[in-house]
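This report looks at the packing of one helix, the nonpolar cores and a loop glycine. The sequence and the structure come first.

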Amino acid sequence: MCNEFTEADLDRAGLSVGRRGFAALAGVGMLAAALPARAMAGKPVKGRDVSIKTADGTADAYFVAPATGKHPGVLIWPDIRGLRPAFRQMADRLAGDGYAVLCVNPFYRSAKSPVVQPGDDFSDPAIRERLSGYAKLLGKDAVQRDATAHLAFLDAQKEVDTKRKLATTGYCMGGPMVIYTAAQTPARVGAAASFHGGGVGSDNPDSPHLLIPATKAGYLFAIADNDDQKDPEEKNRLNAVLTPRKQWHEVEVYKGAMHGWCPPDGRAYNEAAAEKAWGRMLELFKASL
């Protein structure tokens with residue numbers, strides 16, 4: 001997960017805070033301009049802000065789908081900076097690719113989205129401490145309670161094709177959440193994708209990857225180069241539980257891509273690696289939904 005160590009890695013790599021700061025790309029229009037042109041192509045979509053009743057309160061979220069028809073549902077768990085313009089843009093893009101997408105505010109117990117504001121800087125210890133405090137409330141049980149509510153919301157939307165499996169994607173701290181989601185509702189979740197996920201395959205006895213054999217989903221694990229350097233055995237632990245299964249799976253270290261390379265407002269954003277990861281996600285969905 002993003003912390004002072006990943007920030008130090010970005011410093012050493014020469015990726016300055018100003019390159020992709022919270023303020024620099026705060027608006028949806030600015031984000032659209034920053035994305036590659038091919039990212040903006042696709043089906044016409046309609047999005048709306050929604051509220052979802054959970055066991056612990058009311059979560060705010062963003063739902064977007066193609067303007068017509070029914071489509072497979074996808075639940076997005078954002079990174080530690082939460083639901084914000086960058087993830088709304090990513091949800092819009094995925095909807096344009098033919099999916100009904102719900103991107104949630106995982107921190108709704110603590111604050112409404114956006115939980116970061118223009119001018120906030122993740123290299124600031126106070127900002128990191130605040131967001132880490134929000135994240136500490138999101139253990140496995142809390143995530144699975146939320147996942148139950150979020151997937152039920154998706155299945156209740158007229159734009160969602162309930163005859164097809166659901167998918168879930170997660171970034172940074174959202175990596176473990178996709179496994180927890182697939183384990184909570186194995187009959188419905190057909191695909192799970194983790195992008196620079198934190199702690200998805202540790203050597204701890206409660207590591208999320210140990211839940212994979214009890215799920216029925218196909219999996220994509222896109223691992224950051226510097227995360228792999230810190231724990232080079234993680235990819236092997238993941239493959240050990242994935243290889244015996246019949247479902248589609250892929251575990252890859254993205255050489256040269258730093259933790260956080262996928263969101264377009266991130267300091268570590270790497271367009272080439274992000275586009276590759278997006279394409280592999282679509283392949284997972286094609287094979288598994």
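Which strands do the buried residues of α8 pack against? In this predicted model, they pack against β7 (218–224) and β8 (249–254). Helix α8 spans residues 234–242, and its buried residues are Glu-234, Arg-237, Leu-238, Val-241 and Leu-242. Because these residues cover an arc of only 130° around the axis, they lie on the same side of α8.

The two nonpolar cores are separate from each other. Their sizes and some of their members are as follows.

| Core | Size | Members, among them |
|---|---|---|
| Largest core | 47 residues | Phe-63, Leu-102, Tyr-219 and Phe-221 |
| Second core | 34 residues | Ala-95, Cys-103, Ala-191 and Ala-274 |

In the largest core, Phe-63, Leu-102, Tyr-219 and Phe-221 are the residues that touch the most other members. Helix α5 (residues 140–155) supplies the largest share of this core, with six residues. In soluble globular proteins, nonpolar side chains tend to be buried together.

Beyond its neighbours within four places in sequence, Tyr-219 is in contact with Leu-242, one of the buried residues of α8. The other contacts of Tyr-219 are Ile-179, Ala-182, Ala-192, Ile-212, Arg-245, Trp-248, His-249, Glu-250 and Leu-284.

Gly-256 is found in the loop between β8 and α9 (271–288). With a relative accessible area of 48%, Gly-256 counts as partly exposed. Not counting residues up to four places away in sequence, Gly-256 touches Asp-225 and Asn-270. Gly-256 and Asp-225 are 31 residues apart in sequence, and their C-alpha atoms are 5.8 Å apart in space.

Note on methods: Residues are numbered from 1 along each chain as its sequence is written. This is a predicted model: local features need pLDDT of at least 70, side-chain atom pairs count only at pLDDT 80 or more; totals for chains, interfaces and linings use all residues. Side-chain values use heavy atoms; hydrogens and water are left out. Buried means under 20% relative accessible area, exposed over 50%, partly exposed in between (1.4 Å probe, protein chains only). Helices (H or I, at least four residues) and strands (E, at least two) are DSSP runs, numbered from the N terminus. The arc is that of the directions from the helix axis to the C-beta atoms. Contact means heavy atoms within 4.5 Å. A nonpolar core is a set of buried Ala, Val, Leu, Ile, Met, Phe, Trp, Tyr and Cys residues joined through side-chain atoms within 4.5 Å.
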